[in-house]
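Visitor: I would like to learn how to read a structure step by step. Could you take me through a few features, giving the general idea and then the case at hand?

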Amino acid sequence: MSQREFIRQMPGQTGASLSPGLAVRLHLDPPLLVGLLLLMFGGLTVLYSAGGESMDLVVRQCIRFGAGLTVLFLLAQIPPRSYRFWAPVIYSIGLVLLVLVLVVGTEAKGAQRWLSIPGAGRFQPAEVMKLAVPAMVAWYFSERTLPPKLTDVIAALLLLGIPAMLIGLQPDLGTAILIAASGLVVLFMAGLSWRLIAVAVIIVVTAAPLMYFFVMHDYQRNRVDTFLNPEADPRGTGWNIIQSKTAIGSGGVNGKGWLDGTQSRLDFLPESSTDFILAVLSEEFGLVGVSILLMMYLVIVGRGFFISWQAQDTFARLLAASLVMTFFIYVFVNIGMVSGLLPVVGVPLPLISYGGTSVVTLLASFGMLMSIHTHRRLMSY
């Protein structure tokens, strides 16, 4: 038996590994791609209702999905070794752009988060760091022995802490938390000891009151107050979460039916097409619809972890795990804040909420995941 035939018949190997179909030749992962497309289709369905049956809103979201899928395809063609090589460069450029945002950035709605590019509109550098930070931390640990030493842990915390701090100064607490979390996932997957994790939890819990009084902006403190007691200002800061929970509860098991929700269509629910779109889905499709959505998310997360598990080097494995967990954190935080279990931090529901750069960034991360999976080298025997 030849070496090629032996590898083809190995457990866990398929003929497609050596005689790839179109998807493999294009470096696309069919299960992951199908899951994402189904999620996007569901998102457009809910968005049409949440946006008051606005086809214009749906068309704009389709354009953003198209841009995101294009970026996904392009990034899937790039081998992981190139991501490893360019990670420090992109991370450094991202830090410079974050500093520029604070100095010459464009302000909108009380936040300075964008850079204006003549002829190309506004650009939010924080979105780049959602990919650059986990790639940089993964690159750092790929050059060192694992589990990490204390000095390596401190260095990694600086790598993720500096951009998170710069983004928090814009201020954009939601994005800062997501970026810090993406780096922390890499740190955890690298083998961080449970003793250090316990110490970190104690420090965070102890520092939380100090952050509330001396670090958070007034609007951020208001969000925490509203989370703890939304009924204290039912017609003001507590309005969003009260109406959201009302919409979720009114959907029952089967929901009221597509286009028949009242909370969003009668304008009781603000931000119904963006951060609180899950409340619209729950009201119209009920527990059944939400359960189907959660299963779709779990399938995508499960496939992502499978890709991470099959990765053939430390950098790819850590990066893949971080990208998957960041996606999961998006879902967890949005569902938590819409249901009143977490403070409102402005995190969209992945591929369901109406969005721009966040959609492209999210799909770009899946392009990197597909690259990690489809560029695996055949083992030699």
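Visitor: Let me start with one residue: is Ser322 buried or exposed?

Guide: Before that, note that this is a predicted model, in which local features need pLDDT of at least 70, side-chain atom pairs count only at pLDDT 80 or more, and totals for chains, interfaces and linings use all residues. Residues are numbered from 1 along each chain as its sequence is written, and side-chain values use heavy atoms, with hydrogens and water left out. Buried means under 20% relative accessible area, exposed over 50%, and partly exposed in between, with a 1.4 Å probe and protein chains only. Ser322 has a relative accessible area of 0%, so this residue is buried.

Visitor: Where does Ser322 sit, and which residues is it in contact with, leaving aside neighbours within four places in sequence?

Guide: Helices are DSSP runs of H or I with at least four residues, numbered from the N terminus, and Ser322 belongs to helix H13, residues 314-338. Contact means heavy atoms within 4.5 Å; apart from neighbours within four places in sequence, Ser322 is in contact with Pro134, Ser182, Val185 and Val186. The side chain of Ser322 also reaches the backbone oxygen of Ser182, at 2.7 Å.

Visitor: Leu319 is found in helix H13 as well, so is Leu319 buried or exposed?

Guide: Leu319 counts as buried, because its relative accessibility is 1%. Leaving aside neighbours within four places in sequence, the contacts of Leu319 include Pro134, Met368 and Ile372.

Visitor: How many salt bridges does the structure hold, and what is one?

Guide: Side chains of opposite charge can pair when their charged atoms come close. A salt bridge is a side-chain nitrogen of Lys or Arg within 4 Å of a carboxyl oxygen of Asp or Glu, and the structure holds six. One of them joins the side chains of Arg303 and Asp29, at 2.6 Å from N to O. Arg303 lies in helix H12 (residues 277-310) and Asp29 in the loop between helix H2 (22-25) and helix H3 (30-50), so the pair ties together parts that are 274 residues apart in sequence.

Visitor: Which salt bridge has both residues in helix H4?

Guide: The side chains of Arg60 and Asp56 meet in a salt bridge at 2.1 Å, N to O, and these two residues of helix H4 (residues 55-76) are four residues apart, about one turn of the helix. Arg60 is partly exposed at 32% relative accessible area, and Asp56 is partly exposed at 47%.

Key
A polar contact is a pair of N or O atoms within 3.5 Å; within protein, one must be able to donate a hydrogen and the other to accept it, and residues adjacent in sequence count only if both atoms are side-chain atoms.
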